[in-house]
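Please open the model in your viewer and keep the selection tool handy. We will go from stop to stop, picking a few residues each time.

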Amino acid sequence: MTIIVADTTCSLPRRLLIERGIPFVPQVVIFGEEAYHDDADFDTAVFLKKLKASATLPKTAAPEPTLYHPIFQVAAESKETVIVVAPSAKLSGTVRSAQTAAQDFPGLDVRIIDTLTVSCNLGALVLEADAMARAGQPADAIEARINALIPRGRLYFVVDTLEYLAKGGRIGGAKALVGELIQIKPVLTIRDGAAAPFEQQRTRKRSIARLEEIAAAECPRTAEAHLAVIQVAAEDEALALSDRLKSDLGIAEVPIYELPPAIVVHGGPGAIGLGFFVAAQP
């Protein structure tokens, strides 16, 4: 069976990844001189407590290439193909880390897919690839399917403050300053693999309402849309949004995923959003 490899930016619960036997590597979060892997010992709850107590904002780093070595070694011994379903190279150095690790296994068929996305949409691609691998689909078919889904992904989100995106270099400092001064609560999106403004709203309530409106207008009414809600420190709003989406779109399940520390570094507490995949063009 083709081995599908994920990382913690896919936002899927660790228990789900473990239950499905999907190997994954942690991202790195840096507070001053101290570095932490966002694994079971440094989850979002622990991160938020440390963030609240820290005088400076943390940074992130891609997983070390050596973290892929045990996974690649197992694949090499079993002569299996590996597909690394990675977050956008414009948002993370994970693609580069996996490529570096693959160089240490020259005889191994390692395919690294830059999905141009992150969070729940990345998680949906991981689950899709894993389902195909479990069904015995060849690596070529899995890779083609994921590459076909990538341009169909839509990810929209709202942050409580633009400070984290600005200091992390994910959005211009001038834009962030102006946005804070006039109290704009923009709806942001992932475009061509990077965070970008979608539209401006004057209140958080209106921005979250726009998420629902966007989904109603663009999201297919089927489970194949992989519609999901993402949040950090916004549990009540996320639950209400998920319930409204299920009612409005007639979709039985709209899972809510908590953002991992490596994403919260850039989005900040209070971030909320949703992701889905539009129908294929005829």
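The tour below visits a pocket, then the nonpolar cores, then some aromatic pairs. Keep in mind that this is a predicted model.

**Stop 1: the largest pocket**

Select Leu91, Val118, Ala262, Ile263 and His266. Of the 28 residues lining the largest pocket, these are the closest to its centre. The space in this pocket comes to about 440 Å³.

Next, colour β5 (59-61), β8 (153-158), α11 (261-267) and β13 (272-277), since you are now looking at elements that each supply at least two lining residues. Which element gives the largest share of the lining? That is α11, with four residues. If you colour the lining by class, you should find 17 nonpolar, nine polar and two charged residues.

**Stop 2: the nonpolar cores**

In soluble globular proteins, nonpolar side chains tend to be buried together. To see the largest nonpolar core here, select Leu12, Phe47, Val85 and Ile142, which touch the most other members among its 47 residues. Then add helix α5 (residues 119-134): the largest share of this core, nine residues, comes from there. A separate core of 21 residues lies apart from the largest one, and Val158, Val229, Ile272 and Leu274 are among its members.

Now go back to Phe47 and show its surroundings. Beyond its neighbours within four places in sequence, Phe47 is in contact with Val29, Phe31, Phe42, Pro58, Pro261, Val264 and Val265.

**Stop 3: the aromatic pairs**

The model holds eight aromatic pairs. Start with Tyr36 and Phe42. Their ring centres are 4.7 Å apart and their planes meet at 10°, so this pair is stacked; planes under 30 degrees apart count that way. Are the two partners buried or exposed? Tyr36 is partly exposed, at 23% relative accessibility, while Phe42 is buried, at 3%.

Keep that pair on screen and add Phe31 and Phe47: ring pairs link Phe31, Tyr36, Phe42 and Phe47 into a cluster. Phe47 thus appears at two stops, as it is also one of the core residues named above.

Finally, select Tyr156 and Phe198. This aromatic pair is edge-to-face, with 5.0 Å from centre to centre and 70° between the planes. Tyr156 belongs to strand β8 and Phe198 to strand β10 (residues 194-199), so the pair ties together parts 42 residues apart in sequence. Tyr156 is buried, with a relative accessible area of 5%, whereas Phe198 is partly exposed, with 31%.

Terms used
Residues are numbered from 1 along each chain as its sequence is written. This is a predicted model: local features need pLDDT of at least 70, side-chain atom pairs count only at pLDDT 80 or more; totals for chains, interfaces and linings use all residues. Side-chain values use heavy atoms; hydrogens and water are left out. On a 1 Å grid over the protein atoms alone, a cavity is a set of points where a 1.4 Å probe fits but cannot get out, and a pocket is an open set with protein on both sides within 12 Å along at least five of seven lines; lining residues have an atom within 4 Å of a point. Grid points are joined across faces, edges and corners, and a volume is the space filled by probe spheres set on the points. Ala, Val, Leu, Ile, Met, Phe, Trp, Tyr, Cys and Pro count as nonpolar, Asp, Glu, Lys and Arg as charged, and the others, Gly among them, as polar. A nonpolar core is a set of buried Ala, Val, Leu, Ile, Met, Phe, Trp, Tyr and Cys residues joined through side-chain atoms within 4.5 Å. Buried means under 20% relative accessible area, exposed over 50%, partly exposed in between (1.4 Å probe, protein chains only). Contact means heavy atoms within 4.5 Å. Rings of Phe, Tyr and Trp (its six-membered ring) pair if their centres lie within 6.5 Å; planes under 30 degrees apart count as stacked, over 60 as edge-to-face and the rest as tilted.
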